[in-house]
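Reader: I am new to reading protein models. Please take a close look at one part and explain it in plain terms.

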Amino acid sequence: MKSASFDKTSARLLDRIESPADLKRLEENQLPQLAQEIRDELISVLSRTGGHLGPNLGVVELTLALHRVFETPEDKLLFDVSHQGYVHKLLTGRLDRFGTIRQYQGLNGFFVAVRE
């Protein structure tokens, strides 16, 4: 499992995202790179653990936009299916545990209202 550490010198933008506030600090021109890093992480982890890949790949930019526009966690997000919640998990401080998704005692594969 990859471990994410909040390192401002990291070449990977995703490693610097611990909360939506960190996402808002990025420049707009950095968002395509972050979107690709999220897709790479989804593919890497889900190829090992299983999980809902397609729906999550389809909502990367949407989830980035929602977190940049709204004030989460004060503003609540509701996805129509839990299959689209993985990107949200990556943007809300759970990158370090993402490799445990859908595993025994690991990160929940479903979207839950309370932060795990």
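Is Glu61 buried, exposed or partly exposed?

Author: Glu61 is partly exposed, with a relative accessible area of 43%. On this scale, buried means under 20% relative accessible area, exposed means over 50%, and partly exposed lies in between (1.4 Å probe, protein chains only). Before going further, note that this is a predicted model, in which local features need pLDDT of at least 70, side-chain atom pairs count only at pLDDT 80 or more, and totals for chains, interfaces and linings use all residues. Residues are numbered from 1 along each chain as its sequence is written, and side-chain values use heavy atoms, with hydrogens and water left out.

Glu61 forms a salt bridge with Arg39, and the closest N and O atoms of the pair are 2.7 Å apart. Arg39 lies in helix H2 and Glu61 in helix H4, so the salt bridge ties together parts that are 22 residues apart in sequence. A salt bridge here is a side-chain nitrogen of Lys or Arg within 4 Å of a carboxyl oxygen of Asp or Glu. Helices are DSSP runs (H or I, at least four residues), numbered from the N terminus.

The whole structure holds 5 salt bridges. Among them is the one between Arg25 and Asp22, with the closest N and O atoms 2.4 Å apart. Arg25 counts as exposed, at 58% relative accessibility, whereas Asp22 is buried, with a relative accessible area of 10%. Another joins Asp15 to Arg12, where the closest N and O atoms are 2.9 Å apart. Asp15 counts as buried because its relative accessibility is 15%. Arg12, Asp15 and Glu41 are linked in a network of salt bridges.

The helices H2 and H4 also meet another topic, the nonpolar core. This is a set of buried Ala, Val, Leu, Ile, Met, Phe, Trp, Tyr and Cys residues joined through side-chain atoms within 4.5 Å. The largest such core has 23 residues, of which Leu23, Leu34, Ile38, Leu42, Leu64 and Phe98 touch the most other members. Helix H2 (31-49), helix H4 (60-69) and helix H5 (86-91) each supply at least two residues of this core. H2 gives the largest share, 7 residues.

One of the core residues, Leu64, can be followed further. Apart from its neighbours within four places in sequence, Leu64 is in contact (heavy atoms within 4.5 Å) with Leu23, Leu31, Leu34, Ala35, Ile38 and Leu91.
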